[in-house]
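Trainee: I have a new structure to read. Could you take me through the features one at a time?

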Amino acid sequence: MSLLTPDFGLLFWMAFNFLIVFGILAKFGFPVITRMVGERRDHISKSLQAAEEATKKLENVRQESLAMLDETRVQQAEIIKKAIADGEQIVRNAQQKATEETEKQLEAARRSIEMQKERALSEINAQVALLSLDIAEKILRRQLDDREQQESFALQMVEETESIRRKRSHKR
Amino acid sequence: MNIGKYTTWLCIAAAALLMPLCASAAENHDGKSEEKELAIDDIITEHVFDSYWWHITTYKEHHISIYLPIIVRSESGSWHVFSSKHLAHGETYRGFRIAEKGEDHEGKVVATGESGEAYRPWDISLTKNALALTINSVIMLTIFLIAARWYRRRPKNSTPNKFVCAIEMLVMDVEEEIVHASIGKDYKRYSPYLLTAFFFILINNVMGIIPFFPGGANTTGNIAVTFVLAACTLIAVNVFGNREYWREVFWPDVPVWLKVPIPIIPLIELFGVISKPFALMIRLLANIFAGHTVILAFTLLVFITAKMGAGITAGMTVFSVVLSIVMLCLEFLVAYIQAYVFTLLSAVFIGLSRPEHHAAHKKQ
């Protein structure tokens with residue numbers, strides 16, 4: 001068997017085997033593998049891109065939310081300030097109202113006290129008059145036995161009463 | 001460090017195991033006549049060249065072989081198919097026999113013609129190498145069809161298992177680093193051929209190194225095998241080469257006197273067309289053939305020195321085992337490198353057969 005002369009039988013078998021292997025693998029073997037790897041590579045690069053975009057978006061969202069948070073904080077401060085001011089205003093109003101009300105009530109009370117005092121005074125006056133009449137009657141019954149004395153006394157009394165009435169009306 | 005220690009122990013153990021064997025071999029030699037002497041070149045020839053049967057081992061003087069079918073067409077035009085067992089030990093069957101040493105067509109089936117002279121019939125016997133090629137092809141198909149089936153069955157973008165991952169890594173490495181890098185933009189068209197060539201050579205190389213059935217056949221170290229591979233590259237280069245490639249062969253950019261009366265440069269170019277695949281063929285053949293021969297020679301060193309006394313034998317045994325291990329490791333490397341080189345050079349030649357137009361080149 002010579003080293004450098006190809007044997008026809010083995011040439012035939014080699015060509016036969018190699019072409020069959022090549023035919024089968026070129027159709028069903030290697031292209032499937034390389035295609036799948038290529039698809040996977042595309043998928044991975046797409047996924048990476050998508051992930052990067054998502055990260056970017058997330059960052060944007062974070063920035064937005066931070067900005068919103070800041071804004072909210074400002075608003076909150078404003079609202080609280082306003083609420084405090086409102087509260088103070090309300091309290092002040094209430095106090096004012098209460099003061100007015102109290103004064104009104106005090107006024108009313110004062111007026112009714114005055115009225116009642118006057119009524120009581122007039123009643124007392126009437127009572128005093130009646131009592132004094134009674135007393136006077138009793139005294140007079142004892143002292144005024146003569147006519148002269150009676151008349152002078154009566155006159156004096158009339159004068160006095162007149163002056164009192166005048167004084168009172170004047171006071172009013 | 002660890003590996004070195006283990007190797008040393010391994011060698012010593014192997015030597016210890018082999019010593020009694022050698023001793024008994026030596027005794028045999030003493031007991032029997034000189035004709036039983038080991039014929040080293042016969043053993044190497046049997047292992048390295050093609051054969052009509054697959055010798056597996058010899059047990060108690062009995063050859064255990066797989067006898068393969070012989071398919072021949074005689075001069076009269078009739079086909080004969082029979083087992084090679086009928087031709088073993090120089091027997092003649094149906095007028096066919098195996099030519100002996102010193103004859104024409106040594107070791108091949110010959111028939112005696114009507115004129116009485118021996119002639120070589122049409123012979124497409126399923127020889128040892130043919131069977132090994134078939135087995136290796138089946139192994140290759142199994143590996144890659146399993147991997148491809150995995151991809152076809154699985155939904156897109158699922159994670160491959162370890163086996164598929166390893167295959168994918170090898171395939172993508174060859175496609176990206178060799179095919180794509182050498183050919184350029186049209187590489188997809190050639191990648192199935194180059195991938196097939198790479199893995200066909202790799203699997204045959206590795207199976208050739210495995211020393212027992214179904215390995216051990218020297219397929220890629222046979223000229224017929226490398227011839228077919230180189231012929232495929234020749235076709236891939238020249239049939240699919242573009243117009244620019246052929247213009248560069250027949251009308252290259254050289255002074256006119258170099259190509260008009262006597263076409264010197266076109267002849268050289270044309271010679272290059274043939275010599276490139278020829279170099280591929282011889283390179284692969286020589287590397288693998290030499291590797292097999294060297295490993296066998298180192299292994300047989302043990303038996304050559306067997307009659308020189310126990311001391312020398314023990315020493316040579318350790319030496320031979322160490323060298324054999326080193327050579328086997330080297331051969332695994334060579335198995336990959338030769339597959340790589342064949343594919344890379346094929347890819348480069350294909351890339352050269354698709355040059356861009358010259359005008360475009362000059363602009364750059």
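Trainee: What percentage of the residues of chain B count as buried?

Mentor: This is a predicted model, so keep that in mind throughout. Chain B has 364 residues, and 32% of them count as buried.

Trainee: How many helices and strands does chain B have?

Mentor: Chain B has ten helices and eight strands. Look at its contacts too. Take those with a separation of 6 or more in chain B: 62% join residues 24 or more positions apart.

Trainee: Into which domains is chain B divided?

Mentor: Domain 1 of chain B covers 67–123, and domain 2 covers 128–358. Their C-alpha centres lie 33 Å apart.

Trainee: On to sheets. How do strands of a sheet pair?

Mentor: Strands pair through backbone hydrogen bonds, in a parallel or an antiparallel way. In chain B, one open sheet of three strands has the order 4-3-8, with antiparallel pairing. Strand 4 (79–83) and strand 8 (122–123) of chain B stand at the edges. Each has a single partner strand, so one side of each lacks a neighbour in the sheet.

Trainee: How many bridges link strand 3 and strand 4 of chain B?

Mentor: Five bridges, in the antiparallel sense; strand 3 of chain B spans residues 69–73. For a specific pair, find B:I71, which stands opposite B:V81 in strand 4 of chain B.

Trainee: In what order do strands 5, 6 and 7 of chain B form a sheet?

Mentor: The order is 5-6-7 in chain B, again an open sheet with antiparallel pairing. Here the edges are strand 5 (96–98) and strand 7 (118–119) of chain B. Why is one side of each left without a neighbour? Because each has a single partner strand.

Trainee: How many bridges does strand 6 of chain B make with strand 5, and how many with strand 7?

Mentor: Strand 5 and strand 6 of chain B pair over three bridges. Strand 6 (residues 109–112) and strand 7 of chain B pair over two bridges. Now follow B:A111. B:F96 stands opposite B:A111, and B:Y119 in strand 7 of chain B is a bridge partner of B:A111.

Trainee: Which residue takes a positive phi in the hairpin of strand 6 and strand 7 of chain B?

Mentor: B:G116 does, with phi near 95°. That hairpin has five residues between the strands.

Trainee: Let us try a helix residue. Where is B:I337 found?

Mentor: B:I337 is in helix 9 of chain B, residues 310–352. B:I337 counts as partly exposed because it has 14 C-beta neighbours inside 10 Å. Compare its place in sequence with its place in space. B:L202 is 135 residues from B:I337 along the chain, yet their C-alpha atoms are separated by 8.8 Å.

Trainee: How many residues of chain A are in contact with chain B?

Mentor: 34 residues of chain A are in contact with 41 residues of chain B. The chain A side has 25 nonpolar, six polar and three charged residues.

Trainee: How should I read places where pLDDT is low?

Mentor: Where pLDDT is low, do not read the predicted coordinates in detail. Residues 19–35 of chain B stay under 50. For that stretch, the model has 14 contacts beyond four places in sequence. Chain B averages a pLDDT of 82, and 87% of its residues score at least 70.

Trainee: What ipTM and pTM does the model score?

Mentor: The model scores ipTM 0.82 and pTM 0.73.

Conventions. Residues numbered from 1 in each chain as written. Chains lettered and ligands numbered in written order. Predicted model: local features only at pLDDT ≥ 70, side-chain atom pairs only at ≥ 80, totals over all residues. Domains from an automatic or database assignment. Contact = placed C-beta atoms within 7 Å. Nonpolar A, V, L, I, M, F, W, Y, C, P; charged D, E, K, R; others polar. Helix = DSSP H or I, 4+ residues; strand = E, 2+ residues; numbered from the N terminus. Buried ≥ 20, exposed ≤ 12 C-beta atoms within 10 Å, placed from the backbone. Pairing = 2+ DSSP bridges. pLDDT = per-residue confidence, 0-100.
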